[in-house]
Amino acid sequence: MRGFRFAWMALLLAVAIAAALWALPARWAMAWIPDSSPVVITDASGTMWSASATIAVGVGGLRRTLPDPLQWRLAFDGGPRLVLSHPWLRGPLALSPGWGGLRLSAQSLQLPASVLTTVHAMFNTLDPGGEVHLNWPALTLGRHVSASSDSPLLTAQWRNASSSLTRVQPMGDYTLTLKQGSGDAVAMALVTGRGPLMMEGAGSLSRSGAQFDGKAWVAESATGDTHAALQGLLAAMGPTAGQGGQTLLKIR
């Protein structure tokens with residue numbers, strides 16, 4: 001009898017929560033996201049159950065609003081989950097609760113390189129072009145970010161990279177890989193796939209911020225004209241140092 005009563009109360013509670021989510025306006029979600037978050041909701045329509053929202057991405061004063069709205073809906077097939085969709089996503093992105101934290105489904109994202117201007121002020125100067133591709137495996141977001149396998153937490157590729165500061169197009173392809181580091185830190189590594197403009201470096205990302213040290217230079221195989229056309233870009237990226245006059249890339 002007691003077990004039946006407990007099950008009946010649990011059912012009533014689930015129904016009450018579902019009814020509340022059906023009626024609560026989606027704009028309430030705006031108050032749940034801290035202002036310091038790299039992704040915030042600036043406007044929303046619908047209910048907490050199913051909504052369309054305008055979002056902005058970026059850090060500090062670099063934040064910008066995305067042109068296409070984000071759609072979400074609550075689903076319960078296979079367990080409770082929030083299903084997100086956006087034109088830049090290759091498919092639906094699912095968020096579901098778990099014992100270790102919030103589970104994020106594996107997905108990929110393709111966006112214009114202009115979004116890089118929301119990450120660091122240096123990109124505002126570069127006025128980047130090309131495409132950025134983000135790929136990640138199934139992740140658990142809790143006290144630590146963890147993947148279901150030994151694969152990188154995130155792989156970010158800047159393809160067909162270009163800048164308004166140089167006529168050399170494309171400058172190259174670049175890959176930034178994020179892996180679990182020591183403690184709460186996430187290790188970053190940057191490599192060049194191809195192109196006359198070479199970049200490499202490493203750093204870490206933690207709650208205290210990002211630290212990155214790298215360098216940029218013109219490939220030895222580049223022609224004299226290409227070398228000259230990239231000098232203005234390199235000067236805008238940072239100071240030069242070393243015998244080869246490589247440009248230092250520092251983010252703090």
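Author: A residue counts as buried when its relative accessible area is under 20%, as exposed when that area is over 50%, and as partly exposed in between. The model discussed here is predicted. With these cut-offs, Lys 250 is exposed, since its relative accessible area is 55%.

Reader: What share of the residues of the protein chain counts as buried?

Author: Of the 252 residues in the protein chain, 35% are buried. The area that the chain exposes is about 14600 Å², and carbon and sulfur atoms supply 60% of that area.

Reader: How many helices and strands should I look for in the protein chain?

Author: The chain has four helices and 18 strands. As for contacts between residues at a separation of 6 or more, 36% of them involve residues 24 or more positions apart.

Reader: How should I read a sheet, and which strands form the open one?

Author: Strands count as paired if at least two bridges are found between them. A sheet can then be read as an order of neighbouring strands. In this structure, nine strands form an open sheet with antiparallel pairing, in the order E8-E9-E12-E13-E14-E15-E16-E18-E17. Strand E8 (107-112) and strand E17 (240-241) stand at its edges and have a single partner strand each, so one side of each lacks a neighbour in the sheet. Within this order, strand E14 (residues 186-194) and strand E15 (residues 197-206) run antiparallel and are joined by five bridges. One position to locate is Ala 189, which stands opposite Ala 202 in E15.

Reader: How many bridges join strand E2 to strand E4, and in what sense do the two run?

Author: Strand E2 (residues 50-57) and strand E4 (residues 70-75) are antiparallel and are joined by four bridges. Ala 53 stands opposite Leu 70 of E4. On E4 there is also a pairing with strand E5 (residues 81-85), again antiparallel, over five bridges. Here Ala 75 has Arg 81 of E5 as its bridge partner.

Reader: What do E4 and E5 form, and which residue in the turn has a positive phi?

Author: E4 and E5 form a hairpin, with five residues between the two strands. In the turn, Gly 78 has a positive phi of about 80°.

Reader: How should I read a salt bridge, and how many does a search of the whole structure find?

Author: Side chains of opposite charge can pair when their charged atoms come close. The search finds five salt bridges. One of them joins Asp 77 and Arg 81, whose closest N and O atoms are 2.8 Å apart. Arg 81 is partly exposed, at a relative accessible area of 24%.

Reader: With which side chain does Lys 250 meet in a salt bridge?

Author: Lys 250 meets Asp 213, at 2.7 Å from N to O. This pair links distant parts of the chain, for Lys 250 is in strand E18 (residues 246-251) and Asp 213 is in strand E16 (residues 209-218), 37 residues apart. Asp 213 counts as partly exposed, at 34% relative accessibility. The side chain of Asp 213 also meets that of Arg 252 in a salt bridge, at 2.9 Å from N to O. Because Arg 252 lies in the segment after E18 and Asp 213 in strand E16, this pair ties together parts that are 39 residues apart in sequence. Arg 252 is exposed, with 58% relative accessibility. Salt bridges that share partners thus join Asp 213, Lys 250 and Arg 252 into one network.

Reader: Turning to the interior, which residues have the most contacts inside the largest nonpolar core?

Author: They are Trp 72, Trp 136, Trp 158, Tyr 174 and Met 237, in a core of 52 residues. Strand E2 gives the most to this core, with four residues. Leaving aside residues up to four places away in sequence, Trp 72 touches a set of residues that includes Ala 26, Ile 41, Met 48, Ala 53, Leu 82 and Leu 84.

Reader: How should I read an aromatic pair, and how many are found in the whole structure?

Author: One looks at the distance between the ring centres and the angle between the ring planes; planes over 60 degrees apart count as edge-to-face. Two aromatic pairs are found. Phe 123 and Trp 158 form an edge-to-face pair, 6.2 Å centre to centre with 75° between the planes. Phe 123 is in helix H2 (residues 121-126) and Trp 158 in strand E12 (residues 154-163), 35 residues apart. Both Phe 123 and Trp 158 are buried. The pair of Trp 158 and Tyr 174 is tilted, at 6.0 Å centre to centre and 50° between the planes. Since Trp 158 lies in strand E12 and Tyr 174 in strand E13 (residues 172-180), this pair ties together parts 16 residues apart in sequence. Ring pairs thereby link Phe 123, Trp 158 and Tyr 174 into a cluster.

Definitions and conventions: Residues are numbered from 1 along each chain as its sequence is written. This is a predicted model: local features need pLDDT of at least 70, side-chain atom pairs count only at pLDDT 80 or more; totals for chains, interfaces and linings use all residues. Side-chain values use heavy atoms; hydrogens and water are left out. A salt bridge is a side-chain nitrogen of Lys or Arg within 4 Å of a carboxyl oxygen of Asp or Glu. Buried means under 20% relative accessible area, exposed over 50%, partly exposed in between (1.4 Å probe, protein chains only). Contact means heavy atoms within 4.5 Å. Accessible areas come from the Shrake-Rupley method with a 1.4 Å probe; for residues, only the protein chains shown count as cover. A nonpolar core is a set of buried Ala, Val, Leu, Ile, Met, Phe, Trp, Tyr and Cys residues joined through side-chain atoms within 4.5 Å. Rings of Phe, Tyr and Trp (its six-membered ring) pair if their centres lie within 6.5 Å; planes under 30 degrees apart count as stacked, over 60 as edge-to-face and the rest as tilted.
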